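Thanks for sharing this one. Here are a few notes to read with the structure open beside you.

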Amino acid sequence: MTVSATLRGAILEIMVDNPPVNALGHAVRKGLLEALEAGARQPEVEAIVIACAGRTFFAGADISEFGKPPLDPILPDLCNAIEALAKPVVAAIHGTALGGGLEVALACHYRVAVPSARLGLPEVKLGLIPGAGGTQRLPRLVGVAAATDMIVSGDPIPAGKAAELGLVDHVAAEGSLIEEAHRWAQVIAGRRPLPRTGERPVAGDAAAIDRYAETHARKLRGQTAPQACFEALRAAIDLPLAEGLAVERGLFRQLVAGDQSAALRHYFFAERRAARIDGLDASIEPLPIETVGVIGAGTMGAGIAMAFLSKGLRVVLLETGADALDRGLANIRRTYEASVAKGRMTQEAGDQALARLSTTLDYAALGGCDLIIEAVFELMAVKREVFARIDAVARPGAILATNTSYLDIDEIAAATGRPDHVVGLHFFSPANIMKLLEVVRGARTSPRVLATAMALAKRIGKIAVVAGNGYGFIGNRLLARRRSEAFELLLEGVAPWDIDEAHVGFGMPMGPFRMSDLAGVDIGWHRDPARVENVRDALCAAGRLGQKAGKGYYDYDEARQATPSAEALAIIDAFARGQGRARRDVPRDDILERTLYAMVDEGARLLAEGIAQRASDIDVVWVNGYGWPSYLGGPMHWAERTGLAHIVERLRAHGMPVAPLLAEKAARGERFDDPRPA
Ligand code: 3HC
Ligand code: NAI
């Protein structure tokens, strides 16, 4: 039974139960409308309470129904019907009232919520606007400024804040939502006129919208949904409700049929799919992890330590010398102090996080750890030595992990007597902030260790993607391919800033060469200035190591402002000439085609090799780890929208290799994740 109705005294309680998140699919909408209409007809019913069973109030429209023909009653009609009802309707909210869920609540005459409830209109994150009255009713209830904030950011707010804004009428005690909603319904049952949100005037004017658009211009660049939100909000100010609702509906229909929303919906499900490991028994119990050892207190080690400390785990941090340890510790302290100063963390939480940290120079101190992660120099000999040492001190059953960016996990595991307990945990910089975690499975990594890594990732708020053991795993493998194609372009005479500009124009936050300058041009450099085999070597040999050196592909001033560097260009030019490479005119379109299609080709190779389980996992890695715009869905989704056959044709036209899997998918008109014929 999806929707049930129970009469208690004069109050009709409509309870919806559609696990897991009470999405407002067709059956729910139909059942809800029927129950409401029946309640309106029954003379003994004086007021109606709408509540949900399970973990949450309605989490929104059923996203999997988008793109299919709509079935009556559609959500906007349901909301209008609720608002028009002649008897008062109270929404009883727990968990999350999101999207269509909040729109149902807005159409109700009263809203009661528990303190832990969160209310929001996250449609913009799916490339949409609220399509069931949210853009029209919310500004009428909370004013234009607050509504703009909620609708365009898509971020939910807690019940307490919602009550301050007038979005929630009564905050009920945790655990007694239904009782208090009933009591509220009894109190207001006879009150007339009914407070219909749609009949209220809008408080505020378009200046709040303009202000928001201006302050967030950079962040919103390239995206269609936020602009549509602004337009719908302006309609709320300028037009009567019915006309505003029609504007909203028109914009929603346009967006839901567009590429950006398709990409963001793809991404929503991709992120959830990534948590699943094909062939892994879902009932495996993860190992308990409470204390984590971190080896190396450099950039990554300090960040990794904080990622655990902030989530309540204990960390033992080990270094080779007191100086390096002090530097790492100071870095961690500074980061927590800054978080407290910026109001992102309470002083108490910062102090508690630091209190969970201990430091050591002695491997024996790692004996009590459940997991030990190594983040030392990216050199196989050093990694193997470290692993042999931790293997000697770690308790039986402890997991040993490496944060290596490119190295062979199996070779590292072979330095221990427990390769089944070795796994790659590839964090991204800054590790305390970046959401992505590549979980690299070695040839012998046990299912339980994998399950533990995935569960742990979730616990510390990371999005984990499992990768097979191969050079650069998923993310860096695509990055390396893009870089080698970008180097080719440099040798043909294209300037680094032209390549960067093309990528920024495409929607990336930063081009490949600015990114290289920021990360350090010398990452992976062999450190022999006499050995110049590519552009990177040539720049490093000249001391152009990136932003940290004040010069890389660009020159940097004290404020870290980048300007194109004539010297870098001359170095590249000299190297190209030395290689006998002639400059040629490269059409601007070729820059993106060659660098991005090369990534798609590499992605197809990752799939064929089984390094990535599915194309959508590659998308999750590049959106979360490398700034690929989520409204373009990730490189593999984007490739499918662009057309695989077109990409194959262009790769061939550029004389570039085409992965057999890519050619096969293109020839068959299939998508990457379509099941392969048996
Ligand atoms: N429609 C369909 N399926 C949904 C869904 C939705 N709105 N929301 C969640 N699900 C599914 C997930 O895909 C997942 O399925 P799986 O178990 O098969 O992978 C399952 O429900 C559980 O979801 P999560 O793993 O995300 O569970 P969490 O507890 O971590 O999070 C949540 C719960 C906060 C509700 C989160 O799922 C969420 O943010 N959902 C989307 C909310 C949203 O965007 N709503 C707006 C929809 S658009 C809309 O309403 C348009 C309207 O204006 C007309
Ligand atoms: P880093 O140079 O900032 O830090 C390395 C630290 O390890 C130094 O503090 C050093 O003293 C310490 N160390 C070296 N040998 C050691 C040993 N035998 N025992 C204990 N400590 C030792 O380097 P970074 O950037 O933190 O990188 C560490 C690892 O993380 C590398 O494998 C790197 O490939 C990987 N990585 C780096 C990323 C980045 O963006 N910097 C991103 C993801 C992974």
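1. A good place to begin is a pair in register: Ala 113 stands opposite Val 171, a residue of strand 9. Please keep in mind throughout that this is a predicted model. Strand 6, residues 110–113, runs parallel to strand 9, and two bridges join them.

2. That pairing belongs to a wider arrangement. Six strands form an open sheet in the order 1-2-3-4-6-9, and the pairing within the sheet is mixed. Its edges are strand 1 (3–8) and strand 9 (170–171), each of which pairs on one side only. For orientation, strands of a sheet pair through backbone hydrogen bonds, either parallel or antiparallel.

3. Both senses of pairing also turn up around strand 16 (residues 436–441). Strand 15 is antiparallel to strand 16, with four bridges between them, while strand 17 (residues 463–468) pairs with strand 16 in the parallel sense over six bridges. Glu 438 is a handy marker here: His 426 stands opposite Glu 438 in strand 16, and Glu 438 in turn stands opposite Val 465 in strand 17. Strand 16 is mostly covered, with five of its six residues buried.

4. How many cavities of 30 Å³ or more are there? The count comes to one. The largest cavity has a volume of about 40 Å³. Its lining is made up of Ile 289, Leu 371, Ile 399, Val 423, Leu 425, Val 449, Thr 452, Ala 453 and Leu 456. By type, these lining residues divide into eight nonpolar, one polar and no charged.

5. Which elements supply that lining? Strand 15 (422–427) and helix 18 (447–459) each give at least two residues to the lining of the largest cavity. The largest share, four residues, comes from helix 18.

6. Helix 10 passes a simple length check. At 1.5 Å a residue, its 15 residues (224–238) should span 21 Å, and the end C-alpha atoms are 21 Å apart, so expectation and model agree.

7. Helix 10 also has a long list of buried residues: Ala 225, Pro 226, Ala 228, Cys 229, Phe 230, Ala 232, Leu 233, Ala 235 and Ala 236. When you look at the spacing, recall that an α-helix has 3.6 residues a turn, so residues three or four places apart point the same way. The buried residues of helix 10 pack against helix 4 (134–142), helix 5 (144–153), helix 8 (206–215), helix 9 (217–220), helix 11 (241–256) and helix 12 (259–274).

8. Leu 128 is worth a look next, in the loop between strand 7 (118–120) and helix 4. Is Leu 128 buried or exposed? Its relative accessibility is 1%, and the cut-off for buried is under 20%, so Leu 128 counts as buried. Beyond its neighbours within four places in sequence, Leu 128 is in contact with Phe 66, Glu 123, Ala 225, Cys 229, Phe 252, Leu 255, Val 256 and Ser 261. Two of these partners, Ala 225 and Cys 229, are among the buried residues of helix 10.

9. Finally, consider Thr 56, which lies in the loop between strand 3 (47–52) and helix 2 (75–84). Thr 56 counts as buried because its relative accessibility is 4%. Setting aside residues up to four places away in sequence, Thr 56 touches Pro 20, Val 21, Asn 22, His 94, Gly 95 and Thr 96.

Note on methods
Residues are numbered from 1 along each chain as its sequence is written. Chains are lettered from A and ligands numbered from 1 in the order in which they are written. This is a predicted model: local features need pLDDT of at least 70, side-chain atom pairs count only at pLDDT 80 or more; totals for chains, interfaces and linings use all residues. Side-chain values use heavy atoms; hydrogens and water are left out. The expected span of a helix is 1.5 Å times one less than its number of residues. Buried means under 20% relative accessible area, exposed over 50%, partly exposed in between (1.4 Å probe, protein chains only). Contact means heavy atoms within 4.5 Å. On a 1 Å grid over the protein atoms alone, a cavity is a set of points where a 1.4 Å probe fits but cannot get out, and a pocket is an open set with protein on both sides within 12 Å along at least five of seven lines; lining residues have an atom within 4 Å of a point. Grid points are joined across faces, edges and corners, and a volume is the space filled by probe spheres set on the points. Ala, Val, Leu, Ile, Met, Phe, Trp, Tyr, Cys and Pro count as nonpolar, Asp, Glu, Lys and Arg as charged, and the others, Gly among them, as polar. Two strands pair if DSSP finds at least two bridges between them.
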